[in-house]
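Subject: Structure handover and notes

Hello,

Here is the structure for your files, followed by notes on what was found in it. Please read the notes with the coordinates open.

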Amino acid sequence: MSSTTTRGGRAAPEAVRRPWAAVLALAAATFAVVTTEMLPVGLLTSLAAGLDVSAGTAGLALTLPGLLAALAAPLLPVAVRRADRRTVLSALLLLLAAADLLSALAPHIAVLLLARAVVGVCIGGVWAVAAGLGARLVPGPAAGRATALVFSGIAVASVLGVPAGTYLGALAGWRWAFAALTALALAVAALLAVALPPLPAERPVRLGAFPELLRTPAVARGLTAIALLVTGHFAAYTYVRPVLERVPGTGPGLISVLLLGYGLAGIAGTFAGGALAARVPRRALPAIAAALGTVVALLVPAGGSLPASAALLTLWGLVYGGVSVTAQTWLSAAAPGAREAASALFAGVFNGAIAFGAFLGGRVADGAGATAVLVLGAVPALLAAVAAGYARGAAADAR
């Protein structure tokens, strides 16, 4: 690895000897943080029983990290300023390992939520820094594929991480699932330190950069659509296990298989969404939002049929798999001169929407029941389609 850099401090493209290995390391980091973030979805029932709380209260284990991630995402790039991004990401994964260990040992819901708050800081930091690095490590025509590979960690977490954690939780208890995540985070921290080249900040992020970006129409309207879409998704998906438990013929083993199918579809959706966004960025986001809202709404009448529910859950994974890479492509096109600041805003809005959606879903699940969260999830997603459709003219100008 050469130490050659550009005037702005950016590593020159020719200095990266193994760019795809570095991109894979970033994908491993996103896999680790998303698996840690989403594991309570698969463990919700046992987590609530083990800590003697309601399902809605246990859902705070997802809400709180999302809230802290939303706060950390825009602030961490400002705090680290010129620090090497390789060092920052490795440190965040070490902190994630400590938080996972505390989760595994938590004797009370309050201790678990403290650990999950630390997880939120790690999530926000990793996404703010890593989201835009694929295009930096692999510039040019392959940048879109590199970005999709970084974001594929989300879908692979659904395919491998959450189902494996759910299975381990059913086999040995939810605490062992969090203990396994401790080992995973330590391994990824070491991988990042070895595989990434030195990555000094391209341009130090100022707090003032965020209001400037929000005054850009394509950015502001795109973020509005993203907030609605992600809120709707997580209002429903956080409580997908209780929803599936009401479908005739399901059990713990079959639910894990259904979630595996969701995740496999999500991997395909990530790369399909990335390809679609590269070709028609102004149409991809509204199309994805409309499809997701429709699929979630259709799960309500399909609740009495296992085949219909399974097919719709798989389609849900396919559609949602394209959300993150499509949104990142939109924002990169809208703010090409402030990539890390745009990624930080994106991560903040995305994780804030996760927290808000999970919170709303929990209140509805505890009150009106699990099926009602599907209606709650479908409405914001359909509104997101309208918002993204209105915004696509601004995105086209930024293309």
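Gly 161 is buried, because its relative accessible area is 9%, under the 20% cut-off. This residue belongs to helix α7, which covers residues 143-172. Please keep in mind throughout that the model is a predicted one. Beyond its neighbours within four places in sequence, Gly 161 is in contact with Phe 31, Thr 35 and Val 156. Its C-alpha lies 8.4 Å from that of Val 34, although 127 residues separate Gly 161 and Val 34 along the chain.

Helix α1

Two residues of helix α1 were looked at individually. Ala 32 sits in helix α1 and is buried, at a relative accessible area of 1%. Leaving out residues up to four places away in sequence, Ala 32 touches Leu 93, Leu 96, Leu 184 and Val 188. From Ala 32 to Thr 182 there are 150 residues in sequence, and the C-alpha atoms of Ala 32 and Thr 182 are 9.6 Å apart in space.

Gly 42 is also in helix α1, and it is buried with a relative accessible area of 6%. Setting aside neighbours within four places in sequence, Gly 42 makes contact with Val 162, Thr 166 and Arg 241. Gly 42 and Ala 72 are 30 residues apart in sequence, and their C-alpha atoms are 25 Å apart.

Nonpolar cores

Which residues touch the most other members of the largest nonpolar core? They are Leu 93 and Trp 316, in a core of 116 residues. The element that gives the most to this core is helix α1 (residues 19-51), with 14 residues. There is also a second, separate core of 14 residues, and Leu 113, Trp 174, Ala 177 and Phe 178 are among them.

For Trp 316, the contacts outside its neighbours within four places in sequence are His 233, Ala 236, Tyr 237, Val 240, Tyr 262, Leu 292, Val 295, Val 296 and Leu 299.

Helices α10 and α16

Of the 21 residues of α10, 15 are buried, so this helix is largely enclosed by the rest of the structure. The length of α10 agrees with expectation, because 21 residues at 1.5 Å a residue should span 30 Å and the end C-alpha atoms are 30 Å apart. Helix α16 has 29 residues and reaches 42 Å from its first C-alpha to its last, close to the 42 Å expected at 1.5 Å a residue. Just after α16, Gly 369 takes a positive phi of about 110°.

How do the two helices meet, and at what angle do the axes cross? The axes of α10 and α16 (residues 339-367) come within 7 Å and cross at roughly 35°. The crossing of α10 past α16 is right-handed. On the α10 side, the contact is made by Leu 223, Ile 226, Ala 227, Val 230, Thr 231, Phe 234 and Ala 235. On the α16 side, the residues in the contact include Leu 345, Phe 346, Val 349, Phe 350, Ala 353, Phe 356, Gly 357, Leu 360 and Gly 361. By class, the contact of α10 with α16 has 15 nonpolar, three polar and no charged residues.

Thr 231 is one of the residues in this contact. It lies in α10 (residues 217-237) and counts as buried because its relative accessibility is 10%. Apart from its neighbours within four places in sequence, Thr 231 is in contact with Ala 353, Phe 356, Gly 357 and Leu 360.

Helix α15 and a loop residue

Nine of the 12 residues of α15 are buried, so α15 is largely enclosed by the rest of the structure. The buried residues are Val 323, Ser 324, Val 325, Thr 326, Ala 327, Gln 328, Trp 330, Leu 331 and Ala 334. For α15 (residues 323-334), the expected span at 1.5 Å a residue is 16 Å, which agrees with the 16 Å between its end C-alpha atoms.

Thr 250 is in the loop between α11 (240-245) and α12 (252-279). Not counting neighbours within four places in sequence, Thr 250 is in contact with Leu 244, Glu 245, Ile 255 and Leu 306. Thr 250 and Leu 306 are 56 residues apart along the chain, with 7.6 Å between their C-alpha atoms.

Regards

Notes: Residues are numbered from 1 along each chain as its sequence is written. This is a predicted model: local features need pLDDT of at least 70, side-chain atom pairs count only at pLDDT 80 or more; totals for chains, interfaces and linings use all residues. Side-chain values use heavy atoms; hydrogens and water are left out. Helices (H or I, at least four residues) and strands (E, at least two) are DSSP runs, numbered from the N terminus. Buried means under 20% relative accessible area, exposed over 50%, partly exposed in between (1.4 Å probe, protein chains only). Contact means heavy atoms within 4.5 Å. A nonpolar core is a set of buried Ala, Val, Leu, Ile, Met, Phe, Trp, Tyr and Cys residues joined through side-chain atoms within 4.5 Å. The expected span of a helix is 1.5 Å times one less than its number of residues. Axes are lines fitted to C-alpha atoms, for helices over the stretch in contact, and angles run from 0 to 180 degrees between N-to-C directions. A crossing is left-handed if the near helix is turned anticlockwise from the far one by less than a right angle, and right-handed if clockwise. Ala, Val, Leu, Ile, Met, Phe, Trp, Tyr, Cys and Pro count as nonpolar, Asp, Glu, Lys and Arg as charged, and the others, Gly among them, as polar.
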